[in-house]
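Biologist: I'd like a close look at the empty space inside this one. What lines the largest cavity, and which element gives the most to that lining? Take your time and carry on into whatever else belongs with it.

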Amino acid sequence: MAKTKSIFRCSACTHEVAKWVGKCPDCGAWGTVDEVAVAATGAGSPARRAMLPSTAAAPISSIDSKITQARSTGVSELDRVLGGGVVPGSVVLLSGEPGVGKSTLLLEVAHRWARQNDAKALYVTAEESAGQVRLRADRTGAVHERVYLAAESDLSIVLGHVEQVRPTLLVVDSVQTMLAPEVDGVIGGVTQVRAVTAALTSLAKATGIAVLLVGHVTKDGNVAGPRTLEHLVDVVLQFEGDKNSTLRMVRGIKNRFGSADEVGCFELHEDGIACVDDPSGLFLHHRTDSVPGTAVTVAMDGKRPLVAEVQGLTVETEIPNPRRAVSGLDYNRVAMVLAVLQSRGKVFIGKSDVYAATVGGMRLLEPAADLAITLAIASANSEVAIPAGWVILGEVGLAGEVRKVTGLERRLAEAERLGFTTALVPPGYAPLKRGGMKIHEVADVRAAIRITGTRKRRATKEATEVAPDF
């Protein structure tokens with residue numbers, strides 16, 4: 001028999017050390033260094049003997065691609081992120097904060113899977129009792145005779161349920177609460193999570209069962225457990241949403257069967273979770289007339305264009321340090337926009353409280369919204385509304401110039417679909433007319449303020465305090 005020796009390897013970064021330590025000296029992670037037995041090799045050791053493979057290598061042209069054809073889950077927005085559906089034998093990890101709706105979504109997936117595919121789905125919960133899951137199923141209408149439920153935390157018993165039920169879809173809620181009896185370590189520890197995930201992955205590849213895993217997240221928003229957990233699975237999805245809003249989004253982090261840039265939108269209600277096929281309407285406040293301090297832009301969330309409304313408000317104050325409040329936007333970018341607006345655009349807001357926010361709980365962090373934020377605040381300061389039906393796109397530089405943004409064609413197509421007739425875009429876009437939409441190119445902030453008419457304040461007693469127009 002070949003001699004073996006022990007080394008200590010970090011499961012997060014694979015760094016090797018001579019002895020066990022609590023903290024990895026390379027990546028700084030705690031509790032990730034494990035003892036690993038490896039074969040001892042030396043200069044005089046014989047070469048490894050070749051073994052006859054059990055399955056011969058086959059030409060790639062002879063392999064049937066239909067065995068990895070995706071099957072729809074019945075939830076259209078989830079299918080969008082997965083690349084058309086769940087691939088048989090794949091392992092999908094869905095992570096998210098507590099209470100965001102992971103269990104509700106996967107229970108709905110199991111219900112629709114059993115209803116439309118005429119197949120069995122096994123839902124394993126280790127965090128709740130069977131009665132609690134049944135109450136949720138009654139509330140959301142996810143009760144079906146081909147959806148089987150097991151409240152187990154022992155991996156061996158779960159594998160026994162799989163042998164008895166023989167499902168085509170297995171949901172495990174959650175992977176951090178499962179226990180592999182033959183492996184040392186506490187439930188939720190690095191060793192246990194890795195062993196459970198590896199066993200379920202082997203089960204999926206051997207039987208063709210699609211496995212959906214629920215994963216917890218850390219306080220930083222990352223998937224809890226070792227980094228090898230994300231490498232073992234085929235798809236990693238992130239389920240996110242604000243607790244004060246009903247909007248939920250599923251983002252693709254890793255996808256071996258499709259694009260990882262897709263995003264799915266859902267709305268969480270008391271009676272379940274529903275797909276939002278056209279989420280742009282959630283981020284717009286529908287009104288008949290224009291209001292000062294509002295501007296509409298189009299954000300790209302992955303490959304999906306979303307029309308969003310930005311609102312600004314300025315209030316004169318006597319305090320030495322005016323307030324700056326931001327909601328749904330990047331505070332640092334708003335601060336930069338305010339500086340450019342006052343220095344390059346000659347809109348004096350240094351003695352005013354400034355408030356900037358998005359509508360519908362949307363988070364708008366990309367630079368393409370800079371020009372919309374600039375004009376919304378300029379409109380609020382001048383009390384002149386931006387004309388109705390205008391959409392504003394562009395990044396603002398420190399010199400006051402308006403820069404190009406990515407995906408401009410898709411953004412304009414989405415705005416035109418929703419009825420917008422005029423667009424304000426960076427220079428260099430051709431043609432100047434796109435279908436029925438009129439295009440205005442602006443080179444800098446001052447030109448954008450001039451074309452929208454948001455410089456002059458209405459005729460009030462404060463008009464003398466505002467700098468003259470260009």
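Modeller: A quick word on labels: helices and strands here are DSSP runs, at least four residues for a helix and at least two for a strand, numbered from the N terminus. Bear in mind that this is a predicted model.

Now, the empty space. Rolling a probe the size of a water molecule over the atoms shows where empty space is left. Done here, that turns up four cavities of 30 Å³ or more, and the largest cavity holds about 60 Å³ of space. Helix H1 (76–82), E4 and H2 are the elements that give two or more residues to its lining. H2 gives the most, with three residues. By name, the lining of the largest cavity is made of Thr73, Leu78, Leu82, Val86, Val92, Leu94, Leu105, Leu106, Val109, Leu212 and Leu237. Sort them by class and you get 10 nonpolar residues, one polar and no charged ones.

Follow E4 and H2 a bit further and you run into the loop between strand E4 (91–96) and helix H2 (102–116), which is where Glu97 sits. Glu97 has a relative accessible area of 45%, so it counts as partly exposed. The unreviewed UniProt entry has a "binding site" annotation here, covering Gly96, Glu97, Pro98, Gly99, Val100, Gly101, Lys102 and Ser103. Of these, Gly96, Glu97 and Val100 are part of the lining of the largest pocket.

That brings us to the pocket itself. Its volume is about 680 Å³. The lining has 29 residues, and those nearest the pocket's centre are Glu240, Gly241, Met249, Arg251 and Arg363. Strands E9 (235–240), E10 (247–255) and E13 (294–301) each bring at least two residues to the pocket lining, with E10 giving the most, four residues. As for chemistry, the pocket lining splits into 11 nonpolar, 10 polar and eight charged residues.

Two other spots deserve a stop. One is helix H5, residues 190–207: its 18 residues reach 26 Å from first C-alpha to last, close to the 26 Å expected at 1.5 Å a residue. An α-helix has 3.6 residues a turn, so residues three or four places apart point the same way. The buried residues of H5 are Val190, Gln192, Val193, Val196, Thr197, Leu200, Thr201, Leu203 and Ala204. Just after H5 comes Gly208, with a positive phi of about 80 degrees. The other is Leu365, in the loop between strand E16 (352–358) and helix H8 (370–382). Leu365 is 36 residues from Leu329 in sequence, yet their C-alphas are 5.7 Å apart in space. With a relative accessible area of 43%, Leu365 is partly exposed.

Last, since you'll probably ask about the cysteines: the structure holds zero disulfides. Counting a pair takes two cysteine sulfurs within 2.5 Å. The sulfur of Cys275 has its closest cysteine sulfur in Cys265, 9.8 Å away, so that is too far for a bond. Cys275 is partly exposed, at 26% relative accessible area, and Cys27 is partly exposed too, at 39%.

Conventions. Residues numbered from 1 in each chain as written. Predicted model: local features only at pLDDT ≥ 70, side-chain atom pairs only at ≥ 80, totals over all residues. Heavy atoms only, no water. 1 Å grid on protein atoms, 1.4 Å probe; cavity = no way out; pocket = protein on both sides within 12 Å on 5 of 7 lines; lining within 4 Å. Points joined across faces, edges and corners; volume = space filled by probe spheres on them. Nonpolar A, V, L, I, M, F, W, Y, C, P; charged D, E, K, R; others polar. Buried < 20%, exposed > 50% of the residue type's maximum accessible area, 1.4 Å probe, protein only. Expected span 1.5 Å × (residues − 1). UniProt positions renumbered as here; feature names shortened; annotations may be inferred.
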